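User: Could you take me through this model, please? I am new to reading structures.
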Amino acid sequence: MYPLPKHEGFKKFSQLGQNNQKQAPDFHDKYGNAVLASEATFCIAVWAYTATQIGIEWNLSSVGRVTPKEWRDQ
C-alpha cells in the first residue's frame, strides 16, 4: 500500500485513537443527562404556557361554525 510517514507528529496522532480511557469524568459525564432533562423540561413548560395563556385562537376545527349557503339557481 502506501508508506506511512515516519515523523513524530504522525506517531503521536496515531496513538491518540488507541487511548480510549478517560482519567476522570468531565462535566458532561457528570451532569450531561441532568442538564439535558432540565433544558427539555424548561422548553416544554415555556411552550405550554405560551400555547395556553396568550390567547391565540387556534381554529383547529370548523365543524359547527361553518354553515353552507343555499344554492341560487340562475
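Analyst: What follows is a short conversation about the helices, the surface and the aromatic rings. Please keep in mind that this is a predicted model.

User: How many helices and strands does the protein chain have?
Analyst: The protein chain has two helices and zero strands.

User: What length should α2 have, and what does the model show?
Analyst: Helix α2 covers residues 27–53, which is 27 residues. At 1.5 Å a residue it should span 39 Å, and its end C-alpha atoms are 37 Å apart, so the two values agree.

User: Where is the kink in α2 centred?
Analyst: The kink is centred on Asn 33 and amounts to about 35°.

User: And which residue with a positive phi follows α2?
Analyst: That residue is Gly 55, with a phi near 80°.

User: Changing topic: what share of the residues counts as buried?
Analyst: Of the 74 residues in the protein chain, 0% count as buried. The exposed area of the chain is about 8100 Å², and carbon and sulfur atoms supply 60% of it.

User: Which residues make the nonpolar surface patch?
Analyst: Tyr 49, Ile 54, Ile 56, Trp 58 and Leu 60 make this patch, which has an area of about 610 Å². Ile 56 lies in the segment after α2.

User: Why does Ile 56 count as partly exposed?
Analyst: Its relative accessibility is 39%, and partly exposed covers values between 20% and 50%.

User: What about aromatic pairs; how many are there?
Analyst: The structure holds one aromatic pair. Phe 27 and Tyr 31 form it, with 5.2 Å centre to centre and 50° between the planes, a tilted arrangement.

User: How far apart are Phe 27 and Tyr 31 along helix α2?
Analyst: They are four residues apart, and therefore separated by about one helical turn. Tyr 31 counts as partly exposed because its relative accessibility is 43%.

Conventions
Residues are numbered from 1 along each chain as its sequence is written. This is a predicted model: local features need pLDDT of at least 70, side-chain atom pairs count only at pLDDT 80 or more; totals for chains, interfaces and linings use all residues. Side-chain values use heavy atoms; hydrogens and water are left out. The expected span of a helix is 1.5 Å times one less than its number of residues. The bend at a residue is the angle between axes fitted to the seven residues ending there and the seven starting there. Buried means under 20% relative accessible area, exposed over 50%, partly exposed in between (1.4 Å probe, protein chains only). Accessible areas come from the Shrake-Rupley method with a 1.4 Å probe; for residues, only the protein chains shown count as cover. Patches are made of residues with over 30% relative accessible area and no salt bridge: like charges are joined within 9 Å, nonpolar side chains (Val, Leu, Ile, Met, Phe, Trp, Tyr) within 5 Å. A salt bridge is a side-chain nitrogen of Lys or Arg within 4 Å of a carboxyl oxygen of Asp or Glu. Rings of Phe, Tyr and Trp (its six-membered ring) pair if their centres lie within 6.5 Å; planes under 30 degrees apart count as stacked, over 60 as edge-to-face and the rest as tilted.
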